[in-house]
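Reader: I am new to this structure and would like to be led through some of its side-chain pairs. Could you show it to me before we begin?

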Number of protein chains: 2
Amino acid sequence: MKPTRLHKLPDALRKELHQARLSRGWSQLELGRRVGLPQMHVSAIETGRTVPRFDTLLELVRVLDRDLVLVPRALVPAVNALVRDYRRQEGKADDVGEETSLYADDGSETPRGTM
Amino acid sequence: MKPTRLHKLPDALRKELHQARLSRGWSQLELGRRVGLPQMHVSAIETGRTVPRFDTLLELVRVLDRDLVLVPRALVPAVNALVRDYRRQEGKADDVGEETSLYADDGSETPRGTM
DNA sequence: GATACTGATATAGGATTCCATATGAAACCC
DNA sequence: GGGTTTCATATGGAATCCTATATCAGTATC
């Protein structure tokens, strides 16, 4: 019964990870080499077959020149707007075109239903 | 040799988690109950004795009305400014006074040294 | 003193991440 | 055809997250 976690990475995050890697021209092997992860594990994370520990994910996003920031929920739209804006101006061809929140497309807004 | 991950949560994040819980008047038991985690595990995470999986941490911060957002590294200062501003205006007595980046005080900026 | 609440710690077991190595498929090149 | 690169998958094992229960110290209240 207990919904024990999401048990998966938000799809948006996975896609971002994937696109960020491709935009650098890095293979899974190359990305894994830079953080000390076997290619198999990078594959498992990207395809959503495994949920990494927080420190593992943090290493990955940092090598890809990103960061995971803790923000008040009410500020998430503003932050996303900031990111979207940044990409339009500076990172035009640098990356993907995605800026969706971690919310939205993991299909489980309130997974525990204890309202 | 291989610096295998940070192996711990950034201190700033741990402190934020702790303060956010206290500001709600929740005990570790209460917080754990809301996400399906035993009190012992909440304690282990808050004291830095364990690094949670990403989905576990995401559940925790969401119950505390926060979110983990992936942002380009160059945007981290701007996002932090946004958060700091928000707290000064809306969340005056709502929470802690911290807004430091996930960077800075974990003592390991470039843990793999492969520059 | 007795009871209750909070937080940290201990042990033991199950589940999963993570590591190391190898293989197969698909898409490229020569 | 042969070779290379990329990615998904398989197996076996080590590390650790996570669960469950119990104990202990500190604080507060009766």
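Reader: What separates Arg14(A) and Asp11(A) in helix 1 of chain A?

Author: In this predicted model, local features need pLDDT of at least 70 and side-chain atom pairs pLDDT 80 or more, whereas totals for chains, interfaces and linings use all residues. Residues are numbered from 1 along each chain as its sequence is written, chains are lettered from A and ligands numbered from 1 in the order in which they are written, and side-chain values use heavy atoms, leaving out hydrogens and water. The two side chains meet in a salt bridge, 2.9 Å from N to O (a side-chain nitrogen of Lys or Arg within 4 Å of a carboxyl oxygen of Asp or Glu). Because they are 3 residues apart in helix 1 (residues 11–23; helices are DSSP runs of H or I with at least four residues, strands runs of E with at least two, numbered from the N terminus), what separates them is about one helical turn.

Reader: How many residues apart in sequence are the parts that Glu16(B) and Arg66(B) tie together?

Author: Glu16(B) forms a salt bridge with Arg66(B), with the closest N and O atoms 3.2 Å apart. Since Glu16(B) belongs to helix 1 of chain B and Arg66(B) to strand 1 (residues 66–72) of chain B, the parts that they tie together are apart in sequence by 50 residues.

Reader: Is Arg21(B), which meets Glu46(B) in a salt bridge, buried or exposed?

Author: The salt bridge of Arg21(B) with Glu46(B) spans 2.6 Å from N to O. The relative accessible area of Arg21(B) is 5%, and under 20% counts as buried, over 50% as exposed and in between as partly exposed (1.4 Å probe, protein chains only). Arg21(B) is therefore buried.
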